[in-house]
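Thanks for passing this one along. Below are some notes to read beside the model, starting with one tyrosine and working outwards.

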Amino acid sequence: MKYRKLIKGNELISEIGLGSGSLFNAPKDEIIKTIKTAIDNGINFFDLCAGGFSLYEPFGEAIKGYRDKIYFQLHFGAVYKDNGEYGWSRDLNLIKKTINKELELIGTDYIDFGFLHCIDDLDDYNDIISNGILDYIIELKNKGIVHHIGFSSHTPQVASKLIDTNLIDLMMFSINPAYDYEKGDEYGIGSFKERSELFSKCEAKGVNISVMKPFNGGQLLSKDLSPFKESLTKNQCLAYCLDRPGVISVVPGVRGIKDLEELLTYESATKEEKDYSIISSFTSNKLLGNCVYCNHCEPCPKGLDIGLINKYYDLALIGDDIAKNHYYKLSINANDCISCGHCNKRCPFKVDQVKKMLEIKDYFNLNK
């Protein structure tokens with residue numbers, strides 16, 4: 001398992017995490033076995049917005065002896081009816097009651113990532129402020145009960161507003177090719193440009209992203225259901241998400257051990273099995289001409305990491321000084337491009353990388 005460091009912290013987070021939206025439906029023994037197997041295979045990051053309240057007690061049993069080795073997101077606003085069915089609320093007292101009960105069932109006294117739940121429109125944003133929910137989560141952070149503040153959203157405009165508060169360490173957002181290229185369902189909100197700018201803004205401001213809905217509810221895995229009328233594999237979808245700026249972990253939901261075992265193949269998958277450049281053949285022209293950091297253009301005869309160089313450049317353009325410093329530390333950069341055109345011939349997105357390398361070279365040479 002590979003790990004990525006939280007920008008605003010020292011935590012090393014597994015690039016593949018685990019969602020629990022459907023896992024609650026499994027028998028208790030299956031839930032425990034799935035969580036333990038995930039931990040044994042290096043997964044240390046879990047999203048605990050479950051479709052039912054029955055998840056929390058077995059999750060607590062599964063992490064006994066591992067609490068200091070794992071991290072989880074707990075959602076302030078996800079609540080449960082008397083029968084355990086999921087719902088959501090902006091009632092502060094109900095939220096407090098739910099969070100306290102979840103901590104009791106898990107058997108812990110702290111929350112790694114306290115999440116403002118489902119902030120999808122401006123009313124949601126205003127409610128968490130006027131109802132005291134944001135103040136409450138800040139209070140818990142000051143007490144050390146919440147270690148990091150985060151939020152989940154599907155809407156770039158609202159997400160950007162929360163990021164601008166400078167209170168956020170982690171954003172959970174829906175990312176997949178269908179959503180990013182405007183072929184998704186009602187949760188794929190925002191244009192290609194808006195979504196790209198949001199991801200870059202997160203990295204520039206030190207806000208990591210945990211990814212939900214990487215398979216578009218499974219539709220991207222089926223030729224018949226995919227909005228592109230072509231299928232992708234799970235490993236292609238995971239690789240796509242992990243290449244987006246700011247992403248620290250992808251947390252696909254699992255129903256049990258079988259789904260988990262499929263996810264665990266990602267770390268041993270070949271570069272070819274992770275190659276998602278096929279999306280260039282069935283996305284709109286909005287994507288063409290834009291580097292998506294897929295590195296399908298490799299190998300460069302001079303050894304340039306073209307995708308990474310483009311990523312640092314895109315981030316530097318929006319004011320990310322850290323990305324700029326990372327570029328200057330590269331042992332091989334755009335200055336070393338010999339304009340051979342090898343990358344142009346291989347780029348499935350029709351990016352003129354020869355021209356782009358000259359542009360990047362001039363930018364960084366002028367802005368040292």
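1. Let us begin at Y181, which is buried, with a relative accessible area of 4%. Here buried means under 20% relative accessible area, exposed over 50%, and partly exposed in between, with a 1.4 Å probe and protein chains only. Y240 is buried too, at a relative accessible area of 1%.

2. A word on the basis of these notes: this is a predicted model, where local features need pLDDT of at least 70 and side-chain atom pairs count only at pLDDT 80 or more, while totals for chains, interfaces and linings use all residues. Residues are numbered from 1 along each chain as its sequence is written, and side-chain values use heavy atoms, with hydrogens and water left out.

3. A search of the whole structure finds 18 aromatic pairs. Rings of Phe, Tyr and Trp (its six-membered ring) pair if their centres lie within 6.5 Å; planes under 30 degrees apart count as stacked, over 60 as edge-to-face and the rest as tilted. F59 and F72 make one edge-to-face pair, 6.0 Å centre to centre with 85° between the planes. F59 belongs to helix α2 (residues 56-62) and F72 to strand β4 (residues 71-76), so this pair ties together parts that are 13 residues apart in sequence. Both F59 and F72 are buried.

4. Back to the tyrosines: Y181 and Y240 also pair edge-to-face, at 6.2 Å centre to centre and 75° between the planes. Y181 sits in the loop between α7 (177-180) and α8 (192-204), and Y240 in helix α9 (residues 234-242), so the pair ties together parts that are 59 residues apart in sequence.

5. Do look at the aromatic cluster as well: Y313, Y327, Y328, Y363 and F364 form it together.

6. On the fold as a whole, there are 15 helices and 11 strands; helices (H or I, at least four residues) and strands (E, at least two) are DSSP runs, numbered from the N terminus. The radius of gyration of the protein is 21 Å, close to the 21 Å that the globule rule gives for 368 residues, so the protein is as compact as a globular protein of that length. That radius is taken over C-alpha atoms, and the rule is 2.2 Å times the number of residues to the power 0.38. Along its principal axes the C-alpha trace spans about 65 × 40 × 35 Å.

7. Buried residues make up 54% of the 368 residues. Among contacts (heavy atoms within 4.5 Å) between residues at least 6 apart in sequence, 72% join residues at least 24 apart.
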